[in-house]
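Here are some notes to read with the structure open beside you. I have kept each point short, so you can turn the view as you go.

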Amino acid sequence: MSKRDYYEVLGVSKSASKDEIKKAYRKLSKQYHPDINKEADAADKFKEIKEAYEILSDEQKRAHYDQFGHTDPNQGFGGGGFGGQDFGGGFGGFEDIFSTFFGGGGSRRDPNAPRKGNDLQYTMTISFEDAVFGKETTIEIPREENCDTCKGTGAKPGTKVENCSHCGGSGQVNIEQNTPFGRIVNRTTCRHCHGTGKDIPNKCTTCSGTGKVKKRKKINVKIPAGIDDGQQLRVSGQGEPGVNGGPSGDLFVVFHVREHEFFERDGDDVYCEVPLTFVQAALGDEIEVPTLHGKVQLKIPAGTQTGTRFRLKGKGIPNVRGYGQGDQHIIVKLITPKKLSDKQKQLLREYAEVSGETTDEHTEGFFAKMKRAFKGE
């Protein structure tokens with residue numbers, strides 16, 4: 001199945017800015033996150049959204065994608081090219097072609113060489129406050145570990161792992177074939193040891209000779225202060241164990257941050273709305289407002305209009321990479337009372353009469369302009 005266009009996945013135009021792309025990603029990732037959305041295809045959609053954002057949020061990757069789309073211009077025949085990759089016909093490059101037809105000469109991976117273990121991914125849902133200030137916590141993940149009984153060898157204790165008698169421990173065997181062009185020697189994976197080069201006559205009864213068992217492992221994770229939704233943390237060496245003495249893989253913790261009932265985040269800045277009465281806005285006041293770092297006093301100048309923004313420097317979120325701290329932006333909203341007593345109504349009428357609002361020249365001027373516009377004057 002062909003991949004969908006990344007711009008289509010995020011629902012943005014090809015001329016969208018980085019902020020528009022980020023905003024679309026945050027909205028969609030929350031909508032389709034597997035911890036929230038229980039639809040059958042939610043995980044696939046979340047993965048598709050994450051992949052699209054990783055490409056379009058990077059200027060270099062985005063320019064590459066805009067020019068070539070999903071096709072890699074460096075690929076050659078069958079998607080492999082001439083770099084020793086897969087040619088698409090079952091060969092691993094020129095060296096393997098010579099090895100196939102002439103019985104050797106190509107370099108093969110040693111089946112007994114140390115190899116790094118598989119990486120793992122874990123999704124952690126955290127509160128808004130934990131994302132802001134960081135936290136140390138413990139998670140439990142399922143992973144493969146070396147069998148304690150056989151110490152990862154796969155052999156029953158007291159017995160040894162031997163070299164495969166069919167391939168001599170190389171993991172590969174030569175098969176000779178007679179063709180019209182002469183005798184051809186083809187080197188292939190040994191079917192008896194499956195390329196490991198090992199033979200285990202007495203298998204461990206705990207792991208059935210695999211050397212690995214499934215366990216649940218508790219791991220301490222330090223959530224960095226300032227981590228944002230969709231970002232990930234690499235925990236080195238906490239993936240699955242390596243093969244043949246190789247290093248363990250890594251664990252990647254992907255964070256999903258719950259929304260806050262009062263604050264909204266944009267990068268390292270936070271935004272919130274604070275209600276004001278007509279009297280406070282008209283006469284000015286000093287009000288107490290909440291911040292992530294405690295309550296502070298905010299001075300409201302007389303004549304403040306609804307929608308006015310105030311900035312509290314340094315009251316935002318610490319940058320996850322240690323580059324300073326964001327600000328808090330407060331947006332005031334004028335609250336119009338819905339229920340007024342007779343006395344309040346009378347006082348407002350008197351205020352309107354004193355201020356001349358009943359024959360407001362600005363209002364009349366506005367409607368006069370509208371009237372002239374429709375008449376074409």
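1. Let us start at one glycine. This is a predicted model, and in it Gly 134 touches Glu 129, Ile 223, Pro 224 and Ala 225, once its neighbours within four places in sequence are set aside. With Pro 224 the C-alpha separation is 4.9 Å, although the two residues are 90 apart along the chain.

2. Where does Gly 134 lie? You will find Gly 134 in the loop between helix 6, residues 128-133, and strand 2, residues 135-146. Is this glycine buried or exposed? The relative accessible area of Gly 134 is 19%, and because the cut-off for buried is under 20%, Gly 134 counts as buried.

3. Now step back to the whole chain. The protein has nine helices and 15 strands. Of its 377 residues, 32% count as buried. Take the contacts between residues at least 6 apart in sequence: 62% of these join residues at least 24 apart. The pair Gly 134 and Pro 224, with their places 90 residues apart along the chain, is one to look at with that in mind.

4. Next, a sheet of three strands. The sheet is open, its strands come in the order 1-9-8, and the pairing is mixed. Why do strand 1 (120-126) and strand 8 (232-235) each have a side without a neighbour in the sheet? Both stand at the edges with a single partner strand, so one side of each is left without a neighbour there. On average, neighbouring strands of this sheet are turned by 25° against each other, direction ignored.

5. Strand 1 and strand 9 deserve a closer look. Strand 9 covers residues 251-257, runs parallel to strand 1 and is joined to it by seven bridges. To find the pairing on screen, pick Thr 125, which stands opposite His 256 in strand 9.

6. A second open sheet has four strands, ordered 10-11-15-14, again with mixed pairing. Here strand 10 (264-266) and strand 14 (309-312) are at the edges; each has a single partner strand, so one side of each lacks a neighbour in the sheet. The average turn between neighbouring strands in this sheet is 30°, direction ignored.

7. Within that sheet, how many bridges join strand 11 to strand 15? There are seven, and strand 11 (residues 269-276) runs parallel to strand 15. Leu 276 faces a leucine across this pairing, standing opposite Leu 334 in strand 15.

8. Those two leucines come up again in the lining of a cavity. The structure holds one cavity of 30 Å³ or more, and the space in the largest cavity is about 30 Å³. Which residues line it? The lining consists of Leu 276, Ala 281, Thr 304, Gln 305, Thr 306, Val 332, Lys 333 and Leu 334. Strand 15 (residues 328-334) gives the largest share, three residues. By class the lining divides into four nonpolar, three polar and one charged.

9. The second largest pocket holds about 730 Å³ of space. Of its 25 lining residues, Lys 22, Tyr 53, Asp 228, Gln 231 and Arg 321 lie nearest the centre. Helix 2 (18-32), helix 3 (42-56) and strand 8 are the elements that give two or more residues to this lining. Helix 2 provides the largest share, six residues. What classes do the lining residues fall into? Eleven are charged, seven are polar and seven are nonpolar. Strand 8, named here, is also an edge strand of the three-stranded sheet.

10. Finally, two backbone angles to check. Most residues other than glycine have a negative phi. Lys 151, however, has a positive phi near 60°. Its place is in the loop between strand 2 and strand 3 (162-163), and Lys 151 is exposed, with a relative accessible area of 65%.

11. Ser 208 also has a positive phi, about 60°, although it is not a glycine. Is Ser 208 buried or exposed? With a relative accessible area of 53%, Ser 208 is exposed. This serine lies in the loop between strand 6 (198-199) and strand 7 (212-223).

Conventions: Residues are numbered from 1 along each chain as its sequence is written. This is a predicted model: local features need pLDDT of at least 70, side-chain atom pairs count only at pLDDT 80 or more; totals for chains, interfaces and linings use all residues. Side-chain values use heavy atoms; hydrogens and water are left out. Two strands pair if DSSP finds at least two bridges between them. Axes are lines fitted to C-alpha atoms, for helices over the stretch in contact, and angles run from 0 to 180 degrees between N-to-C directions. On a 1 Å grid over the protein atoms alone, a cavity is a set of points where a 1.4 Å probe fits but cannot get out, and a pocket is an open set with protein on both sides within 12 Å along at least five of seven lines; lining residues have an atom within 4 Å of a point. Grid points are joined across faces, edges and corners, and a volume is the space filled by probe spheres set on the points. Ala, Val, Leu, Ile, Met, Phe, Trp, Tyr, Cys and Pro count as nonpolar, Asp, Glu, Lys and Arg as charged, and the others, Gly among them, as polar. Buried means under 20% relative accessible area, exposed over 50%, partly exposed in between (1.4 Å probe, protein chains only). Contact means heavy atoms within 4.5 Å.
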